[in-house]
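The exercises below move from the whole chain to single residues, and each is followed by a worked solution. Please try each task with the structure open before reading on.

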Amino acid sequence: MTARALLFAIFLAGGAAAGWVLQGQLGALLGMAAGAALWFAIDSFQATRVLRWLRTGQLRGAPTVGGWWGEAAHRARRALALREEQKEDAERRLEAFLDAIRTSPNGVVLLDPEGRIEWCNQTAAGHFGLDPARDLQQHVVHLLRDPGFSGFYHGGSYAHDVVIPAPGSTSASARRLALHLHPYGEGRLLLLSRDVTAVEQAETMRRDFVANVSHEIRTPLTVLSGFVETLESLDLPKEERGRYLRLMAQQAQRMQTLVSDLLTLSRLEGSPLPGANDWTPAITLLSQAEQEARGMGKALGKPALQVRFAPAPPVAIGGAASELQSAISNLVGNAVRYTPDAGTIEVGLQPAEGSRWELFVRDTGPGISAEHLPRLTERFYRVDRSRSRETGGTGLGLAIVKHVVQRHGGELKVTSVQGTGSTFSILLPATRVRPLDTTPADTPAQPATESTAG
Ligand code: ADP
C-alpha cells in the first residue's frame, strides 16, 4: 500500500515539478493532473493484462508486471498451480482406483439411475458377454435377459444375492454367476458379479461325498444291528451263532477298511508333497505287494490264479515309501480281486518313453468298457458295485492311487479291453527313480517269480 501511494506521489510530484518549470503555479497544477492521469493509465494497462490472463484460466502466459497487480498475478498463478497439481493428483488416484477395479476378479458394472450401463470392467464383460464400448448406455435388463435377475432388479430389495446361469454358457460348460446390487449415489446401482461355478461344484461334491460315506457305513451297520437283534432274541445253536459272528466280523472289517481308506485319503490331501530324499528299493515295494497278492488270492479262494512278478530292476524309488506301497498294493489287490481263478496277473517295473519308468499291473480279468475309464478314479465310483462289495472293495482304492501318483509327479494310465483284461500303469518321472546304491544295506535284485496264488 505504502509503495503504491509512494509511486502515485512520485507521479504527482514529477508532474507538478515539470509543470512548475514550464508554466509556474498553474503549470504545477496541470502537471499534477497529468502525472495522476499517467499513473492511472499505467495502472489500468497492468490491470488489463492481468485480467486478460486470468480470463484464460491457464497457468501459462502470466504477465510480468510489478506492484499490486504483479503480486495479484503471482498469487493467482500459485493458486492455479496448486489446483492443477490437485487435479493431476485426483486423476492419478482415480486411474489407480479404476485399475484396481479393472483387475478385480469380480465383475463390476456401474448403472445410472435409469439402469443403463455407465461403465464395466473386463471381468463383468466376460461374465455377461458384454462389449464394454458397444454396450454402454444399454439397459442392463435388456442385456441380461434372465427372469431371476429381472425379478431381483425390479424387486428393489438388494439385501441378498441372486445366482443365475452365465449368459451364453451351455449345458456342457454350465457356468453360474452370483449377482449383488448395491445402491449408491443418487439412485445409482453397483452391480457385482462373481463366478461361483467352482464353489457350487465343490459344494455338490462335498454333499455327494457325505451322502456316499453315510451310505457305505449304513449298509454294514444295518446288517450288523440285524445280526445283533437276531442273536439277542433267538437262542441259536452254537454252530449257527458262530456263523452269525463270522458274518458280523466281516461287516465290522468292511467298516474298518472304509474308515482306514478315508483316513488315508484325508492324510494325502492334507500333508505336504513328498520330497525325493527318501529312496526305497523297488524290490522292497514289489515283494511286499507280491506277498499281499498271494495272501489275498488264498483268502478269496483262487488257487489257480497265476501271479507273476518280473524281476525288480536294481533301482530305488524316491518319495513316501508308505504311500508308494499303498498305491502298488491297491493296484495288485484290485487285479487279484477282479481276475477270476485261472486268470493271470503280471507285475513289473520297466523303463518307459520320455525317460520315465512304468510300474505296470496287467491282468486277464473282466476288463472295463471305455465309458467307465474316465471316471474310475472318482471316489466311490464302481463299475460293478456288487463285485466290488463281495471282494471287500471300498470304491476308494483308485482315488488313493491317483492321489499318490500325482503327489509323486507321476501319472496313472489305464488301458482295458472288456472281456480281455486291464493294465494299470504308474508312470514315474525320471527324477523319482535312480540306480540302486551298491552299499551293503541294499538287497540284490530278485529272480523272476511265478506262482499260483493258492
Ligand atoms: P473298489 O474298492 O471298488 O475296487 P477302486 O477304486 O479300487 O474301488 O476301483 C474302482 C472300480 O474300478 C472298481 O469298483 C472296479 O469296478 C474297477 N476296477 C478296478 N480295478 C479293476 C481291474 N483290475 N479289473 C476290472 N475292474 C477293475
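Helices, of at least four residues in state H or I, and strands, of at least two in state E, are DSSP runs numbered from the N terminus. The model used throughout is a predicted one.

**Exercise 1. Overall form**

Determine how many helices and strands the protein chain has, and decide whether the chain is more spread out than a compact globule or not.

Solution. Begin with the secondary structure: the protein chain contains 11 helices and 14 strands. Next, take the radius of gyration, which is 44 Å for the protein chain, and set it against the 22 Å that the globule rule gives for 454 residues; the value is well over that figure, so the chain is more spread out than a compact globule. Finally, turn to the box that the C-alpha atoms fill, which is roughly 155 × 65 × 40 Å along the principal axes.

**Exercise 2. Domains**

State how the protein chain is divided into domains, and find what distance separates the centres of domain 2 and domain 3.

Solution. The division gives domain 1 (2-98), domain 2 (105-195), domain 3 (209-271) and domain 4 (273-452). With the centres taken over C-alpha atoms, domain 2 and domain 3 are separated by 52 Å.

**Exercise 3. Burial, contacts and charge**

Describe the protein chain by its burial, its contacts, its exposed area and its charges.

Solution. First, 37% of the 454 residues count as buried. Second, among contacts with a separation of 6 or more, 60% are accounted for by residues 24 or more positions apart. Third, the exposed area is about 26,100 Å², of which carbon and sulfur atoms supply 58%. Last, there are 47 positive and 46 negative charges, whose mean positions lie 5 Å apart.

**Exercise 4. Two strand residues**

For Arg194 and for Thr280, identify the strand, classify the residue as buried, partly exposed or exposed, and list its contacts beyond four places in sequence.

Solution. Arg194 belongs to strand S5 (residues 188-195). Its relative accessible area is 35%, and because partly exposed covers the range between under 20% and over 50%, Arg194 is partly exposed. Outside its sequence neighbours within four places, Arg194 contacts Asn106, His127, Arg176, Leu177 and Ala178. The C-alpha atom of Arg194 is also 7.7 Å from that of Pro105, although their positions lie 89 residues apart along the chain.

Thr280, in turn, sits in strand S6 (residues 279-281). With a relative accessible area of 12%, Thr280 is buried, and, residues up to four places away being left out, Thr280 touches Leu285, Ala316, Ile317 and Ala321.

Notes:
Residues are numbered from 1 along each chain as its sequence is written. This is a predicted model: local features need pLDDT of at least 70, side-chain atom pairs count only at pLDDT 80 or more; totals for chains, interfaces and linings use all residues. Side-chain values use heavy atoms; hydrogens and water are left out. Domain bounds come from an automatic or database domain assignment. The radius of gyration is taken over C-alpha atoms; the globule rule is 2.2 Å times the number of residues to the power 0.38. Buried means under 20% relative accessible area, exposed over 50%, partly exposed in between (1.4 Å probe, protein chains only). Contact means heavy atoms within 4.5 Å. Accessible areas come from the Shrake-Rupley method with a 1.4 Å probe; for residues, only the protein chains shown count as cover. Lys and Arg count as positive and Asp and Glu as negative; His and the chain ends are not counted. The place of a charge is taken as NZ of Lys, CZ of Arg, CG of Asp or CD of Glu.
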